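Q: I have a model open on my screen and would like to learn how to read it. Could you walk me through some of its features?

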Amino acid sequence: MSEPSPRLARPGDASGGRMQGTSERGVAGRADMLGRFARECASLVAVVGAAALVLALLGIGCPIKFATGVSCPGCGMTRAWLEALQLHFDRAFAYHPLFWLVPLVIAAAVAHGLATRRAVRWACTALMAAGLVACIALWAWRLATPHDLALLVDAAGEGDVVNVASPGWLGTLRALRAALGL
């Protein structure tokens with residue numbers, strides 16, 4: 001015999017006003033949703049990690065800085081996480097003060113894709129937008145005041161995290177021209 005369809009309880013019913021026939025399916029549905037959430041997060045982290053590895057092996061590092069010569073809004077994020085994983089939080093904050101936003105934004109992006117309620121999707125979108133605005137505001141501040149690492153003298157050593165230089169592709173082009181004798 002098939003399971004009865006859920007029905008809204010009537011006043012005075014023993015169910016206390018809950019929907020009947022959904023408790024077991026509700027728990028299973030939530031477990032399935034959490035499993036999907038974990039898989040989506042892991043997939044996103046794996047793709048970003050693989051892309052970072054390929055760029056590092058090619059010697060490019062940041063593709064935005066390679067193409068334009070200007071540090072990107074996420075400049076210092078990888079180094080910040082490497083320092084945070086070693087429990088050097090002062091150095092992590094020096095490299096990128098918003099490094100802690102990354103897991104929140106990833107979780108919000110995945111939750112947005114899985115959410116069925118409009119309010120949840122709206123909250124996820126608001127969190128992602130706030131993270132983006134914060135990163136761009138920090139980037140603008142760092143470009144305007146490139147001495148910002150002087151606050152934590154030991155953190156980065158020589159130079160600054162954010163700087164403007166000639167694009168990496170220009171150096172590659174110059175080396176190619178020199179090799180060809182042009």
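A: Happy to. Let's begin with contacts along the chain: among those between residues at least 6 apart in sequence, 48% join residues at least 24 apart. Please keep in mind that this is a predicted model.

Q: How many helices and strands are there, and what pattern do they follow along the sequence?

A: The protein chain has eight helices and two strands. Reading along the sequence, you meet them in the pattern β-β-α-α-α-α-α-α-α-α. As for burial, 20% of the 182 residues count as buried.

Q: Let's turn to the aromatic rings. How is a ring pair described?

A: Two values describe a pair of aromatic rings: the distance of the centres and the angle of the planes. For the angle, planes over 60 degrees apart count as edge-to-face. In this model the count comes to two aromatic pairs. One of them is Trp81 with Phe99, with 5.3 Å from centre to centre and 85° between the planes, an edge-to-face arrangement. This pair links distant parts of the chain, since Trp81 sits in helix H3 (residues 77–85) and Phe99 in the loop between helix H4 (89–95) and helix H5 (101–114), 18 residues apart.

Q: Which rings form the edge-to-face pair with centres 5.0 Å apart?

A: That pair is Phe93 and Phe99; their planes stand at 70°, so the pair is edge-to-face. Ring pairs thus link Trp81, Phe93 and Phe99 into a cluster.

Q: Are these rings buried or exposed?

A: Relative accessible area is the value to look at, and buried means under 20%. Phe99 has 4%, so this residue is buried. Trp81 is partly exposed at 29%, and Phe93 is partly exposed at 38%.

Q: I'd like to look at pockets next. What is the volume of the largest pocket, and which residues are closest to its centre?

A: Its volume is about 1,200 Å³. The lining has 36 residues, and the closest to the centre of the pocket are Val48, Gly74, Met77, Thr78 and Val102.

Q: Which helices supply the lining of the largest pocket, and what kinds of residue is it made of?

A: Helix H1 (23–57), helix H2 (63–68), H3, H5 and helix H6 (118–144) each supply at least two residues. H1 gives the largest share, with eight residues. By kind, the lining divides into 27 nonpolar residues, seven polar and two charged.

Q: How should I read the surroundings of a single residue, say His96?

A: Start with its place, then its accessibility, then its neighbours. His96 lies in the loop between H4 and H5. With a relative accessible area of 1%, His96 is buried. A polar atom of the His96 side chain is 2.9 Å from the backbone oxygen of Pro73. Leaving aside residues up to four places away in sequence, His96 touches Pro73, Gly74, Cys75, Gly76, Met77, Ala80, Cys135, Leu138 and Arg142. Gly74 and Met77, two of these, are also among the residues closest to the centre of the largest pocket.

Q: What sign of phi do most residues other than glycine have?

A: Most residues other than glycine have a negative phi. In this model, Leu87 has a positive phi of about 65° although it is not a glycine. Leu87 is found in the loop between H3 and H4. With a relative accessible area of 63%, Leu87 is exposed.

Q: Last topic: how far apart in space are Val105 and Ala130, and what does Val105 touch?

A: Separation in sequence and separation in space are worth reading side by side. Val105 and Ala130 are 25 residues apart in sequence and 9.3 Å apart in space, C-alpha to C-alpha. Val105 belongs to helix H5 and is partly exposed at 25% relative accessibility. Setting aside residues up to four places away in sequence, Val105 touches Met128 and Gly131.

Q: Where is Val120, and how far is it from Ala108?

A: Val120 is in helix H6. Val120 and Ala108 are 12 residues apart in sequence, with a C-alpha to C-alpha distance of 9.3 Å. Val120 is partly exposed, with a relative accessible area of 36%.

Definitions and conventions. Residues numbered from 1 in each chain as written. Predicted model: local features only at pLDDT ≥ 70, side-chain atom pairs only at ≥ 80, totals over all residues. Heavy atoms only, no water. Phe/Tyr/Trp six-rings, centres within 6.5 Å; stacked < 30°, edge-to-face > 60°. Helix = DSSP H or I, 4+ residues; strand = E, 2+ residues; numbered from the N terminus. Buried < 20%, exposed > 50% of the residue type's maximum accessible area, 1.4 Å probe, protein only. 1 Å grid on protein atoms, 1.4 Å probe; cavity = no way out; pocket = protein on both sides within 12 Å on 5 of 7 lines; lining within 4 Å. Points joined across faces, edges and corners; volume = space filled by probe spheres on them. Nonpolar A, V, L, I, M, F, W, Y, C, P; charged D, E, K, R; others polar. Polar contact = N/O pair within 3.5 Å; in protein donor to acceptor, adjacent residues only side chain to side chain. Contact = heavy atoms within 4.5 Å.
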